Amino acid sequence: MELNKCAKCGKLFPSNEDLCSNCLSQDLKDLETVRKFLLDNLKKNTIEEICSETGVSKKDILRFISKGRFDDIDNLGEFFTCVYCKKPIKRGRYCDDCLSKFHKIKDELSPK
Ligand SMILES: [Zn+2]
Ligand SMILES: [Zn+2]
């Protein structure tokens with residue numbers, strides 16, 4: 001089995017999960033706390049505010065978002081900006097428009 005570094009405490013542990021067993025239950029609690037807060041306060045928050053209101057660290061909140069934990073919540077605030085056109089986006093580095101443009105350019109450049 002592979003050793004993995006816990007995304008929360010940094011401990012090495014033998015699993016393919018993101019978190020060690022010590023952190024997993026706390027992480028699920030944090031996830032529920034943040035999710036509940038988001039559902040009660042749609043579109044009103046920056047990550048800093050969610051952080052201070054829920055007591056969950058920014059690093060953990062960003063990890064939840066990047067893992068798509070809140071993708072099912074409609075009207076979730078947009079926490080990131082597209083690196084390219086600065087449009088607000090929910091996650092990742094580029095908005096869908098820019099991504100599809102990039103794919104087109106890539107297709108045009110690549111040899112047929
Ligand atoms: Zn851990
Ligand atoms: Zn963009």
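**Exercise 1. The two sides of α3**

Identify the exposed residues on the face of α3 turned away from its buried side, then place the buried ones in this predicted model.

*Solution.*
- Start with the outer face. Lys59 and Ser66 are the exposed residues on the side of α3 turned away from its buried side.
- Next, list the buried residues of the helix: Asp60, Ile61 and Ile65.
- Check their directions. Viewed down the axis of α3, the buried residues fall within an arc of 140°, so they line one face of the helix.
- Find their partners. The buried residues of α3 pack against α1 and α2 (47-54).
- Finish at the end of the helix. Gly68, just after α3, has a positive phi of about 75°.

**Exercise 2. The nonpolar core**

Determine which residues form the largest nonpolar core, and which helices each supply at least two of them.

*Solution.*
- The core has six residues: Val34, Leu38, Ile50, Val56, Ile61 and Ile65.
- Assign them to helices. At least two come from α1 (21-40), and at least two from α3 (58-66).
- Take Ile50 as a test case. Neighbours within four places in sequence are left aside. Ile50 is then in contact with Val34, Phe37, Asn45 and Ile61.
- Compare the two lists. Val34 and Ile61 are contacts of Ile50 and belong to the core.

**Exercise 3. Lys90**

Locate Lys90 in the chain and decide whether Lys90 is buried, partly exposed or exposed.

*Solution.*
- Place the residue. Lys90 sits in the loop that links β4 (88-89) to α4 (96-109).
- Count its surroundings. There are 16 other C-beta atoms within 10 Å of Lys90.
- Apply the cut-offs. Buried needs 20 or more, and exposed needs 12 or fewer. Lys90 is therefore partly exposed.
- Add a distance. Asp107 is 17 residues from Lys90 along the chain, and their C-alpha atoms are separated by 26 Å.

**Exercise 4. The whole chain**

Describe the order of elements, the domains and the overall dimensions of the protein.

*Solution.*
- Count the elements: four helices and four strands. From the N terminus, their order is β-β-α-α-α-β-β-α.
- Split the chain. The domain assignment gives domain 1 (21-77) and domain 2 (78-112). Their C-alpha centres are 25 Å apart.
- Size the model. Along the principal axes, the C-alpha atoms fill a box of roughly 50 × 40 × 20 Å.
- Test for compactness. The radius of gyration is 17 Å, against near 13 Å for a compact globule of 112 residues.
- Check burial. Buried residues account for 12% of the 112 residues.
- End with contact range. Among contacts with a separation of 6 or more, 25% join residues 24 or more positions apart.

Conventions. Residues numbered from 1 in each chain as written. Chains lettered and ligands numbered in written order. Predicted model: local features only at pLDDT ≥ 70, side-chain atom pairs only at ≥ 80, totals over all residues. Core = buried A, V, L, I, M, F, W, Y, C linked by C-beta atoms within 7 Å. Contact = placed C-beta atoms within 7 Å. Domains from an automatic or database assignment. Rg over C-alpha atoms; globule rule 2.2 N^0.38 Å. Arc of directions from axis to C-beta.
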